[in-house]
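Here's a quick tour of a structure you may not have met before. Take a look at it, then read on.

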Amino acid sequence: MDTEQIRAKIREVLAAHAKLPVDVRTLADDADLFAAGMTSFSSVNVMLALEDAFDVEFPDDMLNRRVFENVDAITQAVTSIAAPA
Amino acid sequence: MPREVRPVSAEQLALRDRLIDAGLLVPSTIDGVYGHGETFEAVREALERVISAAAAAGGARRLRFPPVIPVRQLEDTGYLSNMPHLAGTVFAFAGDDGAAAEQAARAAAHADWSEFQSPTELALTPAACYPVYPALARGGPLPAGGAFIDAGGSWVYRHEPSLDPARRQMFHQHELVRAGEPDTVVAWRGEWAQRGITLLGELGLDARLDRANDPFFGRRGRMLAANQRAQDLKLELLVDIAGPEATACASFNHHQGHFADTFGVTMADGSPAHTACLGFGHERIVLALFARHGLDPADWPAAVHARLGTGA
């Protein structure tokens, strides 16, 4: 899966679980998702849905809001823990 | 169902024994469930009056609720996702004559009779502020300046059996709730955190404020806890009661829009409200007083009695 496919999948997860009051497609990759309206509780649901979507498990030290604050950060996190293709 | 029981320290066990021997606490057969002797309860009631008087002086309106809430409200708050291990729900018998007889026979033998029990629509109140938010929403949009509620010392339930006398399954949590503009709510929480330190200081207790997190469950809980700390959403007043760790005797929580959005609490102009609550743990503060000043209130400093209004 290339980076663009990963970003697209992340946006699908955000659309389904982030409960944003705006369309996630209108947000830039570096746009702050919390500022856009994602709550702490929604961010946890996003984290769990990302684990399902990418078949990964985030280590404890990644379970914080900074890792999930925008599409870029999530992409970096997913890429860093995904098994090599 | 077996569950992990929090370890108890020798100091905590010793304090528990002393309180029971002195008749201050009346033990039950269940860890963390106690009755109060007359002396203990008199101090608790005095503390409740002091907190409510301070709230009234700040313009609080009193509301009182029973120690149960509709299960629907528990579901709406996300409690069963965030703290499922602490929740307690109410079940009741549902069945015919035969089922009743079988239930009675098993109960008499102390065998398992849970299959005859069905959920009611009630849960034990997990935090004394929970009934306040739907009540505020019922009143329509908040007036300019928001709302300030004193929900009093209400029994709350947490399923966490322990022999530490400061960790109880049912205790009085005295909640004050503020709803309003975000800036108003944050300022109120900061002001009341200082008032809490001052009040406990006047009672001869050395309290310090620290950043904290709720006891969220599991992996999602680890992230919620990290988020809560990163945003300074929960502060606690810690007091030394019985070692090795200090005990949280009050907490100051900024919920942002969580409860307001869940229950539809809005400002007069339709903008979203924020809420904050502060919860004083009556029993923990009373325990701290007995641990600090001795088991007989007659020996306590006059200034402590004066502040509690329990002087001669």
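A residue counts as buried if 20 or more other C-beta atoms, placed from the backbone, lie within 10 Å of its own. By that yardstick, 37% of the 312 residues of chain B are buried. Keep in mind that this is a predicted model, where local features need pLDDT of at least 70, side-chain atom pairs count only at pLDDT 80 or more, and totals for chains, interfaces and linings use all residues. Residues are numbered from 1 along each chain as its sequence is written, and chains are lettered from A in the order in which they are written.

Chain B holds 11 helices and 12 strands (DSSP runs of at least four residues for helices, H or I, and at least two for strands, E). Its C-alpha trace spans about 60 × 55 × 40 Å along the principal axes.

Now for a spot where the chains meet. Helix H2 of chain A and helix H8 of chain B have axes (lines fitted to C-alpha atoms over the stretch in contact) that come within 10 Å and cross at roughly 140°. That makes H2(A) oblique to H8(B), since oblique covers whatever is not under 35 degrees, over 145 or from 65 to 115.

Who touches whom? Contact means C-beta atoms, placed from the backbone, within 7 Å.

| Helix | Residue range | Contact residues |
|---|---|---|
| H2(A) | residues 40-54 | Ser40(A), Ser43(A), Val44(A), Met47(A), Leu48(A) |
| H8(B) | residues 218-230 | Arg220(B), Met223(B), Leu224(B), Asn227(B) |

Definitions and conventions: Axes fitted to C-alpha atoms, helices over the stretch in contact; angles between N-to-C directions. Contact = placed C-beta atoms within 7 Å. Buried ≥ 20, exposed ≤ 12 C-beta atoms within 10 Å, placed from the backbone.
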